[in-house]
Amino acid sequence: MTDKHVSTHKSSNKKKINLSPRQQKIQEIKKKLLSQRKELLLGALEALNELPGQTVFPDLGDQATAEIDRNFMLRLKGREQKLLKKIDEAIERIEQGTFGICDRCGQEINIKRLEARPVTTMCIDCKTLQEEEEKLMET
Ligand SMILES: [Zn+2]
């Protein structure tokens, strides 16, 4: 696009974009998410290097132990993948400016809640409601 050449709007007076305290907090959350993402990836890589296939088992011929270990690794990997996906989505939402908006009711999610649990997509009220619904579904 040729947007760059059309600088007719007052971009001359260097107006710093003033981030609201909430936006500033969200930027901090983004940084945290990015480093958490990196740690997760590194951790997953390390776990991969320690796959049971490459470990030498004591000569017990214990197939069961190997199975349990493999299942555990797979589950761990699945959980990490899930979390990674959530982190990616949260980062994406921050970039798109939709972060911190409740998926369900469209209200802003409390910043304290976001700081404690950045990957959340629902406000506390909706989350509680959802959990109650899930409980009902189970029974
Ligand atoms: Zn809500």
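Which residues make up the largest nonpolar core?

1. In this predicted model, the largest nonpolar core is made up of 8 residues, namely Ile26, Ile29, Ile87, Ala90, Phe99, Ile109, Leu114 and Cys123. Two or more of these residues come from each of helix 1 (21-49) and helix 2 (63-96). Because domain 1 (20-97) and domain 2 (100-139) both contribute residues to this core, the core lies between the two domains.

2. Cys123, one of the core residues, merits a separate remark. Once its neighbours within four places in sequence are set aside, Cys123 is in contact with Cys102, Cys105, Gln107, Ile109 and Asn110; among these partners, Ile109 is itself listed in the largest nonpolar core.

3. As for the overall architecture, the secondary structure of the chain consists of 4 helices and 0 strands, and the pattern read along the sequence is accordingly given as α-α-α-α. Of the contacts between residues at least 6 apart in sequence, 50% join residues that are at least 24 apart.

4. On burial, the chain has 139 residues, of which 7% are buried, and the 8 residues of the largest nonpolar core should be read against that background.

5. Confidence deserves attention when the points above are weighed. The average pLDDT over the chain is 81, with 69% of the residues scoring at least 70. Among the elements of the chain, helix 3 (residues 111-116) has the highest mean pLDDT, at 96, whereas helix 2 has the lowest, at 79; helix 2 is also one of the elements that give two or more residues to the largest nonpolar core.

Terms used. Residues numbered from 1 in each chain as written. Predicted model: local features only at pLDDT ≥ 70, side-chain atom pairs only at ≥ 80, totals over all residues. Core = buried A, V, L, I, M, F, W, Y, C linked by C-beta atoms within 7 Å. Buried ≥ 20, exposed ≤ 12 C-beta atoms within 10 Å, placed from the backbone. Domains from an automatic or database assignment. Contact = placed C-beta atoms within 7 Å. pLDDT = per-residue confidence, 0-100.
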